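Here is a structure to read alongside a few questions. Each answer sets a value against the term it is meant to support.

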Amino acid sequence: MEKKKVILNAIRKNQPISRTRLKEITDIRPGTITDLVKTLKEDNFLIEEGKEKSLRGRKQSLLKINGERYFAIGLEFDAERIIALLVNLNNEIKAKKETEIGEDKEKETIIEKIVLVASSLSQRIPSEKLLGLGIADPGVVKSKEGISFFSSLIPNWENVPLGKILNERLKIPVKLISAPQAKTLAEFRLGTGKNIENLLFIEFGPGIACGVISEGRLLRGHNEMAGELGHTHISENGAICGCGSYGCLEAIASLPAIAKKVKEAIAAGSKSLIENSEDGEVTPSQIFEAASKGDKLCLNILNESANYLGSGIANTINLFNPEMVIFDQRMALCGEFFLEEIKRVIKRQSLRFATSSLKFAVSSLGEEAGPLGAATLILDEFFKK
Ligand SMILES: [Zn+2]
């Protein structure tokens, strides 16, 4: 049984793979590998796909996990919308479903929408093939108890037994993880950071957070709150933060903080291309557009935000010594100069030896990272057993 698990996991990580290579990786005797592969094929867990590309000798056929054997659903929600994916054992996306939350942000309404989205995806496959539902949560979770503990983004969202509720409604196992951690896991398994064992992912949007892969493991933390980069203290006289403190990175450099600063500067008489907005509200996309046209005010405020972000990320790099930093796609939307400024500050503020071989990348998974990471939790559980 143990060896079967070793073989399945080695194939999962290295597929498609030949039997010879499997032997090198697992150190299991060739005869045992042949037997176990045969059983796994009979049980429909493995398929053969193509032949290896070798110039000499007999070409071996390659083994792959039979993706369609089982499925999982990964779902991410926040105060604005729900995105869910049906993925197979190989993490391949088979279906996608999205819903806007709308004006009504009552707890019951949001839960009802989550149930609807998840069950519409679950109906696409026979129920015995569905392993479970992974949830990428916008706030703090207690995953063992299945509790969505707190989110500053959704009013009155506290101590919600989301795991239990969804399990009762959908009759499948449910697992919770914080959204930044889910995204980091997805980048590590499937994205730009695939198999990079020391990895830092920076989430940027309504909030700021990071995820850390250290020596091949996702850091979750004692209270599953590892990676709260947004609440690191960065400015002595900074704005009040949603967490109750002040001067947090999130309160001075997140997208809402940037929009607030632009709005206030315009109200105080600063010149800007977005001077005449009708309701006085300023959106991030207006700011990006104005900045791309050379608007001084927007460029200055974005630049200031990049500076703070660079300092916060540099501190994190000094703590965890990653090989690669992956930026949220939303950071690239701010403009090329924004990322360049962040990288400049990182190089200035981090130890030289830590940055000399440091790689930078922008997420390749985008909005699917959260649900993919959440589904990965369910798949990992399966491969552990
Ligand atoms: Zn804070």
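Q: Into which domains is the protein divided?
A: In this predicted model, domain 1 covers 2–65, domain 2 covers 70–184 + 368–384, and domain 3 covers 194–364. The centres of domain 1 and domain 3, taken over C-alpha atoms, are 44 Å apart.

Q: What makes the protein as compact as a globular protein of that length?
A: The protein contains 14 helices and 15 strands. Its radius of gyration is 23 Å, and the globule rule gives 21 Å for 385 residues; the two values are close, so the protein counts as being as compact as a globular protein of that length. The C-alpha trace spans about 80 × 50 × 35 Å along the principal axes.

Q: Why is Leu339 called buried?
A: A residue is buried when its relative accessible area is under 20%. The value for Leu339 is 7%, so Leu339 is buried. Leu339 belongs to helix H12, residues 336–349. Across the protein, buried residues make up 50% of the 385 residues.

Q: How do you know which residues Leu339 touches?
A: Contact means heavy atoms within 4.5 Å. Leaving out residues up to four places away in sequence, Leu339 touches Phe327, Met331, Ala332 and Val362.

Q: How far apart are the C-alpha atoms of Leu339 and Glu49?
A: They are separated by 41 Å, and the two residues are 290 residues apart along the chain.

Q: What share of the contacts with a separation of 6 or more comes from residues 24 or more positions apart?
A: Such residues account for 61% of those contacts in the protein.

Key
Residues numbered from 1 in each chain as written. Predicted model: local features only at pLDDT ≥ 70, side-chain atom pairs only at ≥ 80, totals over all residues. Heavy atoms only, no water. Helix = DSSP H or I, 4+ residues; strand = E, 2+ residues; numbered from the N terminus. Rg over C-alpha atoms; globule rule 2.2 N^0.38 Å. Buried < 20%, exposed > 50% of the residue type's maximum accessible area, 1.4 Å probe, protein only. Domains from an automatic or database assignment.
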